[in-house]
Amino acid sequence: GNVFGQGKSVPLIAMAHEIPYVATASVADLRDLEAKVTKAMSIHGARYIHIHVPCPLGWGADPANTIKLARLAIESGLFPVFEAEHGEITGHRAIRKQVPVEEYLKLQKRFAHLFRNPKQVEVIAQLQAIADRNIRRFGLLETRLPNRGGAAA
């Protein structure tokens with residue numbers, strides 16, 4: 001799949017068509033994936049689940065880093081994990097702390113050219129902007145309410 005906004009976001013297209021159930025999921029969180037498949041099976045009408053699975057061979061990454069890559073895609077904001085029903089977002093996986101996209105890109109040979117001399121700062125900044133926009137669009141950053149005294153949670 002194409003993470004970087006070239007091409008089309010099929011989950012967003014499905015939402016625009018108000019498909020009864022649209023979700024994204026990742027091999028980084030199999031319990032979440034299983035729950036979404038179960039939920040989709042209980043819903044009548046069209047359902048679409050987009051599953052992010054890193055491809056170590058194609059991406060030039062260490063197979064041992066497959067789940068780490070999947071997690072970094074989520075935590076950078078490049079792959080937003082969410083659910084939508086009839087075009088409305090109904091849930092999302094919050095990120096505690098956004099990871100710079102560079103951490104995700106650097107583990108993959110397919111992006112090595114971005115880090116050679118001279119480093120492609122503008123391209124990296126564009127990818128970071130896509131991640132930041134996803135975080136805003138889907139409300140992905142966990143917002144903790146300030147503790148107003150009393151017992152610690």
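Below are some worked exercises on the predicted model shown above.

**Exercise 1. Get your bearings: work out which elements the chain has and in what order they come.**

Start with the tally: the chain has 6 helices and 4 strands. Next, read them off from the N terminus, which gives α-β-α-β-α-α-β-β-α-α. Then look at burial: 37% of the 153 residues count as buried. For the outside, the accessible surface is about 9,500 Å², with carbon and sulfur atoms contributing 55% of that. Last, check how far along the sequence the contacts reach. Taking contacts between residues at least 6 apart in sequence, 66% join residues at least 24 apart.

**Exercise 2. Find the order of the strands in the sheet and say how they pair.**

Step one is the order: the 4 strands line up as S2-S1-S3-S4 in an open sheet, and the pairing is mixed. The edges are S2 and S4 (88-92), each pairing on one side only. From one strand to the next, the twist averages 20°.

Step two is to look at individual pairs. S1 (residues 21-26) and S2 (residues 47-52) run parallel and are joined by 6 bridges. Within that pair, Thr-24 has His-50 in S2 as its bridge partner. S3 and S4, on the other hand, run antiparallel, with 4 bridges joining them. Here Glu-83 sits opposite Gly-91 in S4.

Step three brings in the helix. H2 packs on the sheet and touches S1, S2 and S3, its direction making about 160° with that of S1. What is the handedness of the unit made by S1, H2 and S2? Follow the path from S1 over H2 to S2, and you have a right-handed β-α-β unit.

**Exercise 3. Take the salt bridges of Asp-32 and Lys-39, and work out which one is local and which one links distant parts of the chain.**

The count to keep in mind is 6 salt bridges. As background, side chains of opposite charge can pair when their charged atoms come close.

Begin with Asp-32, whose side chain meets that of Lys-36 at 2.9 Å, N to O. Both belong to H2 (residues 30-41) and they are 4 residues apart, so about one helical turn separates them. That spacing fits a general rule: an α-helix has 3.6 residues a turn, so residues three or four places apart point the same way. This is the local one. Now compare the partners' exposure. Asp-32 is partly exposed at 23% relative accessibility, while Lys-36 is buried at 5%.

Move on to Lys-39, which forms a salt bridge with Glu-85 at 3.1 Å, N to O. Lys-39 is in H2 and Glu-85 is in S3 (residues 82-85), 46 residues apart, so this pair links distant parts of the chain. Both partners are partly exposed: Lys-39 has a relative accessible area of 30% and Glu-85 one of 25%. Don't stop at the pair, though: Lys-39, Glu-83 and Glu-85 are linked in a network of salt bridges.

**Exercise 4. Decide whether Lys-106 and its salt-bridge partner are exposed, partly exposed or buried.**

First find the partner: Lys-106 bridges to Glu-102, with the closest N and O atoms 3.4 Å apart. Exposed means over 50% relative accessible area. Lys-106 has 54%, so it is exposed. Glu-102 comes in at 22% and counts as partly exposed.

**Exercise 5. Locate Met-15 and list what surrounds it.**

Met-15 lies in H1 (residues 10-16). The cut-off for buried is under 20% relative accessible area, and Met-15, at 10%, counts as buried. Now set aside its neighbours within four places in sequence: Met-15 is in contact with Val-22, Phe-82, Ala-84, Gly-87 and Ile-89. Finally, pick out Ile-89. This residue is 74 residues from Met-15 along the chain, yet their C-alpha atoms are separated by 8.7 Å.

**Exercise 6. Find the buried residues of H4 and say what covers them.**

H4 spans residues 66-76, and its buried residues are Thr-66, Leu-69, Ala-70, Leu-72, Ala-73, Ile-74 and Ser-76. What covers them includes two strands, S1 and S2, plus the helices H3 (56-59), H5 (101-105) and H6 (121-138). To finish, step just past the end of H4: Gly-77 takes a positive phi of about 95°.

Methods. Residues are numbered from 1 along each chain as its sequence is written. This is a predicted model: local features need pLDDT of at least 70, side-chain atom pairs count only at pLDDT 80 or more; totals for chains, interfaces and linings use all residues. Side-chain values use heavy atoms; hydrogens and water are left out. Buried means under 20% relative accessible area, exposed over 50%, partly exposed in between (1.4 Å probe, protein chains only). Contact means heavy atoms within 4.5 Å. Accessible areas come from the Shrake-Rupley method with a 1.4 Å probe; for residues, only the protein chains shown count as cover. A salt bridge is a side-chain nitrogen of Lys or Arg within 4 Å of a carboxyl oxygen of Asp or Glu. Two strands pair if DSSP finds at least two bridges between them. A crossover is right-handed if, with the strands pointing away from the viewer, the path from the first strand over the helix to the second runs clockwise. Axes are lines fitted to C-alpha atoms, for helices over the stretch in contact, and angles run from 0 to 180 degrees between N-to-C directions.
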